[in-house]
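I opened this notebook to record what I looked up in one structure. The entries follow in the order of my searches.

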Amino acid sequence: MSIGQRIRTLRESLQMTQQGLADLLSLTRASISSIERGKSDLTVSHLIVLVRFFGVSADALLFGTNDPERPPKQASAHNAGKNAADFM
């Protein structure tokens with residue numbers, strides 16, 4: 001499930017419309033639709049608002065996990081020289 005799909009699921013679980021979420025984030029309804037369809041990205045500030053509003057962790061919203069037991073991935077020499085796009 002993508003971040004857009006998770007946002008849609010959370011929004012719908014609150015019986016909130018795209019317009020309602022757009023109003024919360026000071027965006028247009030079309031922008032919310034685009035984010036939910038994976039056509040647009042969220043800004044960090046919008047991500048923070050959503051995490052706080054929905055009461056979920058950033059991990060849960062971004063990656064679909066909220067497992068505090070899962071250790072974070074460590075940087076390794078194998079990853080040296082790669083750029084951010086290699087991890088998306």
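The entries below concern an aromatic pair, a histidine and a surface patch.

I note that this is a predicted model, in which local features need pLDDT of at least 70, side-chain atom pairs count only at pLDDT 80 or more, and totals for chains, interfaces and linings use all residues. Residues are numbered from 1 along each chain as its sequence is written, and side-chain values use heavy atoms, with hydrogens and water left out.

Entry on aromatic rings. I searched the whole structure and found one aromatic pair (ring centres within 6.5 Å). The ring centres of Phe 53 and Phe 54 are 5.2 Å apart and the planes stand at 65°, so I recorded the pair as edge-to-face (planes over 60 degrees apart). Phe 54 is buried (under 20% relative accessible area) at 13%, whereas Phe 53 is partly exposed (between 20% and 50%) at 35%.

Entry on His 46. I located His 46 in helix H4, residues 44-54 (a DSSP run of H or I, at least four residues). His 46 is buried, with 15% relative accessibility. Its side chain makes a polar contact (N or O atoms within 3.5 Å, one able to donate a hydrogen and the other to accept it) of 2.9 Å with the side chain of Thr 43. Beyond neighbours within four places in sequence, His 46 is in contact (heavy atoms within 4.5 Å) with Leu 25 and Leu 27.

Entry on the surface. Which residues make the nonpolar surface patch of about 310 Å²? I listed Leu 14, Leu 24, Val 49 and Phe 53 (patch residues have over 30% relative accessible area and no salt bridge, with nonpolar side chains joined within 5 Å). A salt bridge here is a side-chain nitrogen of Lys or Arg within 4 Å of a carboxyl oxygen of Asp or Glu. Leu 14 lies in the loop between helix H1 (3-13) and helix H2 (18-25), and Leu 14 is partly exposed at 47%.

Technical notes. Rings of Phe, Tyr and Trp (its six-membered ring) pair if their centres lie within 6.5 Å; planes under 30 degrees apart count as stacked, over 60 as edge-to-face and the rest as tilted. Buried means under 20% relative accessible area, exposed over 50%, partly exposed in between (1.4 Å probe, protein chains only). Helices (H or I, at least four residues) and strands (E, at least two) are DSSP runs, numbered from the N terminus. Patches are made of residues with over 30% relative accessible area and no salt bridge: like charges are joined within 9 Å, nonpolar side chains (Val, Leu, Ile, Met, Phe, Trp, Tyr) within 5 Å. Accessible areas come from the Shrake-Rupley method with a 1.4 Å probe; for residues, only the protein chains shown count as cover.
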